Amino acid sequence: MTDTIAAPPRYITYVPLTDLTPAPRNPKRHELELLIDAIRMHGLVEVPVVDERTQCVLHGHGRREALIEMQGRGMTIPGGVVLDEDAGWLVPVLRGWSSTSDHEAEALAIKLNRLPGEGGWNPRELAAVLEDLATGDAELFDSLAIPADEMDKLFSQVDPETLPGGIREDEQPTLHLPDDGDHGDGLSPDDDGRAAHTACPACGHLFNTGR
């Protein structure tokens, strides 16, 4: 059993969305619509971080902007966010860390955005997960919004035979294309203007990556 800490050095508390103050300088750009879509789909999972010295957001400016936009559009309140008595949005934030200077605050803000992606991806594992998502839950795969050139680059690093459903060298992959008779959103291989796509080298599944 974990002992309860009377005064934890880091803790989460709920604050009004309107009280979250952005840092004076934030060089990170954001794909706002992708953030909104992710929060709508999964709720607010990664909470913003506030610097106790400055009382400004240290990490989570994009999520703050996305939530403000969602509230302004009248969208349903996402999971993890609660309403106050005046129907305002209360957002969970991580508290307890204090910078020693503006330089330290800005350096850590860059690290928190930059370092998670520095390790890169395991190509085979990522390709296998993407294939499972594309064939098992197309909406979730589409929400990743991975460009076709990135998918092509990923699959160029993967031995098809190591992927689930991998084909032998003497077999031809079967592309999982929409039926020609589909009169909905499906497109045949000859349709002009269709979304960009790339084929899995293991099973031949056609990944639509036009988003």
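Okay, let's start with one residue pair: V82 sits opposite L90, which is in β5. Before I go on, keep in mind that this is a predicted model.

That pair belongs to β4, residues 82–83, and β4 runs antiparallel to β5 with two bridges between them. Five residues separate the two strands in this hairpin, and among them you'll find A87 with a positive phi near 70°.

Now the other partner. β1, residues 11–16, also pairs with β5, antiparallel again, this time over six bridges. If you want a spot to click on, T13 faces V93 of β5.

So how buried is β5? Six of its seven residues are buried, so the rest of the structure largely encloses the strand.

That takes us to the packing. The largest nonpolar core has 15 residues, and L20 and L67 have the most contacts inside it. Two or more residues each come from α1 (32–42), α2 (61–72) and, yes, β5 (89–95). Take L67: beyond its neighbours within four places in sequence, it touches L17, I39, L44, P78, V81, W89 and V91. There's also a second, separate core of ten residues, including L126, I146, F155 and V158.

Zooming out, the chain has six helices and seven strands, and along the sequence they go β-α-β-β-α-β-β-α-α-α-α-β-β. Of its 211 residues, 31% are buried. Look at contacts between residues at least 6 apart in sequence, and 72% of those join residues at least 24 apart. For the surface people: accessible area is about 13,500 Å², with 51% of that on carbon and sulfur atoms.

Note on methods:
Residues numbered from 1 in each chain as written. Predicted model: local features only at pLDDT ≥ 70, side-chain atom pairs only at ≥ 80, totals over all residues. Heavy atoms only, no water. Helix = DSSP H or I, 4+ residues; strand = E, 2+ residues; numbered from the N terminus. Buried < 20%, exposed > 50% of the residue type's maximum accessible area, 1.4 Å probe, protein only. Contact = heavy atoms within 4.5 Å. Areas by Shrake-Rupley, 256 points an atom, 1.4 Å probe, with all protein chains shown as cover. Core = buried A, V, L, I, M, F, W, Y, C linked by side-chain atoms within 4.5 Å. Pairing = 2+ DSSP bridges.
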